[in-house]
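The exercises below are meant to be worked through with the sequence and the structure side by side. Try each task before turning to its solution.

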Amino acid sequence: ALCAAALICALSACSDSSNTAANDQVAPAAEPALVVQAVADATEAASASHPLCDLASFADVSAVAGGNFNKLDVIEADDINSVDCVYLDMSDLYNGLNIRFVTTEKLLATASQWQTAAEYFEEWGRGGTAVAGIGTSAVWADLLGGLLVLQGDHALLLTAAKLDRADPAARAKLESLAKQILERLP
């Protein structure tokens, strides 16, 4: 709503006023395309953030998924049981990496069918391929299509759009990112 108001104000500044006297000096009007770009740039400057999403930087994500990750979308609401950090490569919209954080606290607050992160992990990790050395437990979860990790009251799901899960090197990169995030987890 704030962006729309700013856009309307900026565009109205571009229009020629019929009430201006002929002798008044009027500043040149801004190009509408430049105004729209300025509003878009201001919106990007106020990009989404969340303390959990700050545990992985754009450089960390780019090292795993390639490309140039430079945008973060945070999906969080009082009525959903996770915080999703969606990292985007704006030069390749098919290249994305998502880190979903499911916490016991969030599960309890949303009256989820799972009471703890461990229950969530158990449900969604069943049948997956176990991964040693990450968190309390970790699996390549077939149902979720990514790496599911349990550490204390946190379950993390890491998925990457262009990750070839059959490639051991690609899997190792995502596993390394999961370890980095767990080390930074408060």
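**Exercise 1. Helix α3 and its surroundings**

Task: In this predicted model, find which residues of α3 are buried, and then establish which elements they pack against.

Solution: Begin with the helix itself, where the buried residues are Asp60, Val61, Ser62 and Val64. Next, follow their contacts outward: the buried residues of α3 pack against β2, β3 (96-103) and α6 (168-184). Finally, look at the residue just after the helix, Gly66, which takes a positive phi of about 75°.

**Exercise 2. The overall plan**

Task: Work out how many helices and strands the protein chain has, and write down the pattern in which they follow one another along the sequence.

Solution: The count gives six helices and seven strands. Read along the sequence, they are arranged as α-α-α-β-β-β-α-α-β-β-β-β-α. As for how the chain is covered, 35% of its 186 residues count as buried, while the accessible surface comes to about 10700 Å², with 55% of it belonging to carbon and sulfur atoms. Turning to contacts with a separation of 6 or more, 45% of them are accounted for by residues 24 or more positions apart.

**Exercise 3. The sheet**

Task: Determine the order of the strands in the open sheet, and say which strands lie at its edges.

Solution: The seven strands stand in the order β1-β2-β3-β7-β6-β5-β4, and their pairing is antiparallel. The edge strands are β1 (71-75) and β4 (129-130), each of which pairs on one side only. Helix α3 packs on this sheet and touches β1, β2 and β3, with its direction making about 120° with that of β3. Helix α5 (residues 117-125) lies across β3, β5, β6 and β7 (154-160), and runs at about 150° to β6.

**Exercise 4. Strand β6 and its two neighbours**

Task: Describe how β6 pairs with β5 and with β7, naming bridge partners on both sides.

Solution: Take the β5 side to begin with. Strand β5 (residues 137-141) and strand β6 (residues 146-151) are joined in the antiparallel sense over five bridges; Ala141 has Gly146 as its bridge partner, and Ser137 stands opposite Leu150. These two strands form a hairpin with four residues between them, and in its turn Gly145 has a positive phi of about 70°.

Then consider the other side, where β6 and β7 likewise pair in the antiparallel sense over five bridges, with Val149 finding its bridge partner in Leu156 of β7. Their hairpin has two residues between the strands, and Gly152 takes a positive phi near 60° there. As a last step, check how covered the strand is: five of the six residues of β6 are buried.

**Exercise 5. The disulfide**

Task: Locate the one disulfide that a search of the whole structure finds, and decide whether its two cysteines are buried or exposed.

Solution: The bond joins Cys53 to Cys85, with an S to S distance of 2.0 Å. The two ends come from distant parts of the chain, since Cys53 sits in the loop between α2 (32-45) and α3 (58-65), whereas Cys85 belongs to strand β2 (residues 83-88), 32 residues apart. The angle about the S-S bond is -85°, and the link is left-handed. Both Cys53 and Cys85 are buried.

**Exercise 6. Salt bridges**

Task: Among the six salt bridges, examine those of Arg184 with Asp60, Asp92 with Lys162 and Glu123 with Arg126, and state which parts of the chain are linked by the pairs of Arg184 and Asp92.

Solution: In the pair of Arg184 and Asp60, the closest N and O atoms are 2.6 Å apart. Because Arg184 lies in helix α6 and Asp60 in helix α3, this pair ties together parts that are 124 residues apart in sequence. Arg184 counts as partly exposed at 39% relative accessibility, whereas Asp60, at 15%, counts as buried, the cut-off for buried being under 20%.

For Asp92 and Lys162, the closest N and O atoms are 2.4 Å apart. This pair also links distant parts, with Asp92 in the loop between β2 and β3 and Lys162 in the loop between β7 and α6, 70 residues apart.

In the pair of Glu123 and Arg126, the corresponding distance is 3.0 Å. Glu123 is partly exposed, with a relative accessible area of 29%, and Arg126 counts as exposed at 53%.

Methods
Residues are numbered from 1 along each chain as its sequence is written. This is a predicted model: local features need pLDDT of at least 70, side-chain atom pairs count only at pLDDT 80 or more; totals for chains, interfaces and linings use all residues. Side-chain values use heavy atoms; hydrogens and water are left out. Buried means under 20% relative accessible area, exposed over 50%, partly exposed in between (1.4 Å probe, protein chains only). Contact means heavy atoms within 4.5 Å. Accessible areas come from the Shrake-Rupley method with a 1.4 Å probe; for residues, only the protein chains shown count as cover. A disulfide is a pair of cysteine sulfur atoms within 2.5 Å. Two strands pair if DSSP finds at least two bridges between them. Axes are lines fitted to C-alpha atoms, for helices over the stretch in contact, and angles run from 0 to 180 degrees between N-to-C directions. A salt bridge is a side-chain nitrogen of Lys or Arg within 4 Å of a carboxyl oxygen of Asp or Glu.
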